[in-house]
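Me: I'd like to walk through this fold with you, a bit at a time. Have a look at it first.

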Amino acid sequence: MTNLDVTLSIFARATVKRISGHSIDPAHTSKLKPVPLKICYYIDGYGAKISSEVLYDIGDKRLHEHLRNQDGISAAADEQLYDKLYTPPTPEIFAEILSYSLALIELYVISTIEDRMRARGTPVYPNALLVNKSNPLNLEINGKTWNILETFYPIREDEFLAENYLDISSDGTIYSTGKVDRDKQVAILKRELENCRRFGDTSRITWLEKNVESVRDGKFHYRNRDGSIGRPVDFEFSEVFYDAVSDRIGYYSRLGESKIHWRQDLSDFGEKGVDCDLIMQVMDDLYQDNVDVFVFMTNDMDFFPLVERLVAKGKSVFICGIEGRVSYRLINAVGEKSFFNLKEEPILQNLPNVFMALDKPELREVALQWAWLALRREVVGEA
């Protein structure tokens with residue numbers, strides 16, 4: 001085809017309380033009966049950070065490969081373009097990758113619940129199409145407008161005639177430790193330094209002095225067995241990441257504690273009470289019966305009894321995470337179709353677009369819709 005004129009247009013309405021940020025214009029649901037569906041996301045902070053790190057590394061590598069494989073671009077121009085698009089591994093970009101993943105998870109969860117309802121004899125109008133009617137993603141080719149979602153995801157007759165739709169509300173909580181009290185930790189270190197100097201314990205002085213300096217900057221250094229200064233833990237990075245995630249999904253529960261052991265030869269930094277905090281909230285939600293779908297982002301097998309209890313109570317439960325890192329006991333507890341693998345190819349293919357769309361939200365929307373279409377109908381490469 002010659003003289004091809006293609007224009008992409010996006011129209012977005014104000015967002016509602018929903019993980020994906022998608023909203024539905026009431027004009028499109030006026031003749032439909034709402035079926036309320038409350039989705040809650042319970043995010044293990046440590047597991048979420050690890051998953052974001054993995055996805056960042058994959059996305060950054062693919063961005064470089066994507067640019068390098070473009071025809072007619074020299075190696076020098078490729079490097080210049082990569083340097084311009086390169087996104088450093090900051091808490092914000094990690095949180096954005098996580099937010100993008102959760103938006104896809106929401107679309108997947110809703111479509112799965114719709115399929116289950118149809119299988120039980122309750123026809124429902126596709127929520128994705130209602131979202132798309134309210135926030136259309138249109139492609140104009142030679143003066144003719146095509147709606148991307150409706151073009152590649154044609155509505156079936158039974159869906160078109162459905163009288164019900166899922167009225168979605170969703171929010172989430174990231175569970176991690178409370179923020180480190182730096183003044184308190186520095187005071188502890190200074191007391192230890194005084195004791196070491198008083199009693200001639202020179203083996204720990206350099207390590208303690210290093211941490212007096214670094215803790216103020218949000219870093220804790222381990223101590224190796226030979227007494228040398230070990231690797232740092234950047235707890236400030238994690239704290240900013242948790243804040244950024246909570247800004248996008250709803251809440252940050254800080255009932256757990258940061259556990260720092262200064263007095264041991266093998267010093268330690270860890271979490272205390274985080275798993276318990278998450279479990280207590282889930283059990284509260286279960287017995288108050290105010291959540292329809294429980295979605296967990298975790299790699300931790302310790303949550304297996306909790307997930308098993310929810311399934312036994314007849315709740316819809318989904319697990320999301322990196323395949324190979326999530327316990328198979330968790331996946332088996334919910335079933336393969338209720339496990340959302342963040343390393344699915346359509347997700348990974350779109351990660352470079354997420355990097356490039358930080359200042360252009362409309363590009364993120366394109367990546368999100370295309371990734372969902374690929375997951376749902378496997379249309380990537382067929383357009």
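Me: In the hairpin of strand 6 and strand 7, which residue takes a positive phi?

Reply: Bear in mind that this is a predicted model. The hairpin has five residues between strand 6 and strand 7. One residue there has a positive phi, near 95°, and that is Gly 227.

Me: In what sense do strand 6 and strand 7 pair, and over how many bridges?

Reply: Strand 6 covers residues 219-223 and strand 7 covers residues 229-234. As an example of a bridge, Phe 220 has Val 233 of strand 7 as its partner. The pairing sense is antiparallel, and the number of bridges is four.

Me: Now the helices. How is helix 7 oriented relative to helix 8, roughly parallel or roughly antiparallel?

Reply: Helix 7 (residues 182-199) and helix 8 (residues 205-216) pack with their axes 9 Å apart, at an angle of about 160°. Angles over 145 degrees count as roughly antiparallel. So helix 7, relative to helix 8, is roughly antiparallel.

Me: And which hand does the crossing of helix 7 and helix 8 have, left or right?

Reply: The contact includes Val 186, Leu 189 and Leu 193 from helix 7, with Leu 208, Val 212 and Val 215 among the residues from helix 8. By class, the contact of helix 7 with helix 8 splits into eight nonpolar, two polar and seven charged residues. As for the hand of the crossing, it's left-handed.

Me: Which residue forms a salt bridge with Glu 209?

Reply: The model has 20 salt bridges by count. In the one with Glu 209, the closest N and O atoms are 2.7 Å apart. Glu 209 sits in helix 8 and its partner in helix 7, 12 residues apart. That partner is Arg 197.

Me: How do helix 1 and helix 9 lie to each other, roughly parallel or roughly perpendicular?

Reply: Helix 1 (residues 45-68) and helix 9 (residues 235-249) have axes 11 Å apart and an angle of about 95°. Tyr 46 and Lys 49 of helix 1 are among the contact residues, as are Phe 237 and Phe 241 of helix 9. The 65 to 115 degree range counts as roughly perpendicular. Helix 1 and helix 9 are therefore roughly perpendicular.

Me: Helix 1 also meets helix 3. How many nonpolar residues does that contact have?

Reply: The axes of helix 1 and helix 3 (residues 91-119) cross at roughly 95° and come within 9 Å. That makes helix 1 roughly perpendicular to helix 3. Leu 55 and Tyr 56 in helix 1 are among the residues that meet helix 3, where Ile 97 and Leu 98 are included. Besides two polar residues and one charged, the nonpolar count is seven.

Definitions and conventions. Residues are numbered from 1 along each chain as its sequence is written. This is a predicted model: local features need pLDDT of at least 70, side-chain atom pairs count only at pLDDT 80 or more; totals for chains, interfaces and linings use all residues. Side-chain values use heavy atoms; hydrogens and water are left out. Axes are lines fitted to C-alpha atoms, for helices over the stretch in contact, and angles run from 0 to 180 degrees between N-to-C directions. Helices (H or I, at least four residues) and strands (E, at least two) are DSSP runs, numbered from the N terminus. Angles under 35 degrees count as roughly parallel, over 145 as roughly antiparallel, 65 to 115 as roughly perpendicular and the rest as oblique. A crossing is left-handed if the near helix is turned anticlockwise from the far one by less than a right angle, and right-handed if clockwise. Contact means heavy atoms within 4.5 Å. Ala, Val, Leu, Ile, Met, Phe, Trp, Tyr, Cys and Pro count as nonpolar, Asp, Glu, Lys and Arg as charged, and the others, Gly among them, as polar. Two strands pair if DSSP finds at least two bridges between them. A salt bridge is a side-chain nitrogen of Lys or Arg within 4 Å of a carboxyl oxygen of Asp or Glu.
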